[in-house]
Amino acid sequence: MGILAGGNIKTSLVFRAATASRIMRGHISDRATDIVLYSYFRSSASWRVRIALALKDIKYEYKAVHLVKDGGEQNSEEYKKLNPMGFVPSLEIDGHVLTQSLPILEYLEEKFPQPSLLPKDSIGKAQVRALAEIVNSAIQPLQNLNVLQKFGEGKEEWARFFIERGLKGFEKMLEATAGTYCYGDQVTMADLCLVPQIYNANRFKVDMSQFPIVNRVHDKLVQLPAFVAADPSRQPDTPEDMRKN
Ligand SMILES: O=C(O)/C=C\C(=O)CC(=O)CC(=O)O
């Protein structure tokens, strides 16, 4: 399908996700080059990685993989050479292709430690990773496109059930861990997972009034420049009718 040659994957441009945060801090830096993110504007796993790239001020090229058109570009033989599961995101970096959003976040954290997306202490790290895993393994996979496509009637109710169940646990954990954000006043991997999940919760009409701490944290996070830049409404492949400035 020409993904590697830049054929069928339409959007291929240098996308400065971190521009807003760089301007806010008054400098433009090129901390990394030759980084390519294969992404879909409203894939929550892609979105997590976009936020990390923006927070860490890392420049990258955005290659759009359309998850719906023509049965999904992620299912092409060519894309599966990069990502055998046919999932987004994939990140080309340092001569390798990395897959799965949380391991990608961990790699970026090791390679670009500042600003850190994990607390310093081991218990804090374990707690942040646990929050991230609630979203990553107990919510999002159960409401992902490839699961819902197996359903006929009742798929919205199924998605709502698992999002609600997961957010109840998440909210309970935040009673112990939250400050301004999910874990104290530091933006962590837990926050990167939370924001896209709330978008999906709204998409499936979950009653969000039952999650006051989640709502408070979410409202703070979405104001941060990196979260603004990574939002699905501002990506190269955002459909015109969903685009914001
Ligand atoms: O435009 C579409 O409807 C297709 C795909 C998605 O939303 C992405 C997901 O499958 C959900 C997710 O990543 O959480």
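In the predicted model, E175 is exposed, with a relative accessibility of 52%, and its salt-bridge partner K172 is likewise exposed, at a relative accessible area of 54%. The closest N and O atoms of this pair are 3.1 Å apart, and both residues belong to helix 7, which spans residues 155–177, where a spacing of three residues corresponds to about one turn of the helix. The pair is one of six salt bridges in the structure.

A second salt bridge, between D94 and K111, has its closest N and O atoms 2.7 Å apart. This pair links distant parts of the chain, since D94 is placed in the loop between strand 4 (90–93) and strand 5 (96–99), whereas K111 lies in helix 4 (residues 101–111), with the two positions 17 residues apart in the numbering. Both partners fall in the intermediate class of accessibility: D94 is partly exposed, with a relative accessible area of 40%, and K111 is partly exposed at 39%. A further salt bridge joins the side chains of K69 and E73, with an N to O distance of 3.9 Å, a value that satisfies the criterion because the cut-off for such a pair is 4 Å. Here the two partners fall into separate accessibility classes, K69 being partly exposed with a relative accessible area of 31%, while E73 is buried at 2% relative accessibility.

Side chains of opposite charge can pair when their charged atoms come close. For R48, a residue of helix 2 (residues 44–55), no salt bridge is found although the residue is buried, and the nearest side chain of opposite charge, that of E133, is 7.9 Å away. That separation does not qualify as a salt bridge because the nitrogen and the carboxyl oxygen would have to lie within 4 Å of each other. The side chain of R48 does, however, make a polar contact of 2.9 Å with the side chain of N136. When residues up to four places away in sequence are set aside, R48 touches S101, L105, V135, N136, Q140, L192, C193 and P196, so that N136 appears both as a polar partner and as a member of this contact set.

The contact set of R48 also includes a cysteine, C193, which is buried with a relative accessible area of 1%. A disulfide is a covalent bond between the sulfur atoms of two cysteines. The whole structure contains zero disulfides, and for C193 the closest cysteine sulfur, in C182, is 9.0 Å away and therefore too far for a bond. C182 is itself buried, at 0% relative accessibility, and its closest cysteine sulfur is in turn that of C193.

Around the ligand, the surrounding residues are Y40, R42, S43, S44, L67, V68, Q140, Q143, N144, L145, N200 and R203. Among them, Y40 places a polar side-chain atom 2.8 Å from an oxygen atom of the ligand, and R42 likewise has a polar side-chain atom at 2.8 Å from a ligand oxygen. The side chain of N200 contributes an N or O atom that is also 2.8 Å from an oxygen atom of the ligand. Q140, listed among the residues surrounding the ligand, is in addition one of the residues touched by R48.

Key:
Residues are numbered from 1 along each chain as its sequence is written. This is a predicted model: local features need pLDDT of at least 70, side-chain atom pairs count only at pLDDT 80 or more; totals for chains, interfaces and linings use all residues. Side-chain values use heavy atoms; hydrogens and water are left out. Buried means under 20% relative accessible area, exposed over 50%, partly exposed in between (1.4 Å probe, protein chains only). Helices (H or I, at least four residues) and strands (E, at least two) are DSSP runs, numbered from the N terminus. Lys and Arg count as positive and Asp and Glu as negative; His and the chain ends are not counted. A polar contact is a pair of N or O atoms within 3.5 Å; within protein, one must be able to donate a hydrogen and the other to accept it, and residues adjacent in sequence count only if both atoms are side-chain atoms. Contact means heavy atoms within 4.5 Å. A disulfide is a pair of cysteine sulfur atoms within 2.5 Å. A residue is near a molecule or strand if one of its heavy atoms lies within 4 Å of it.
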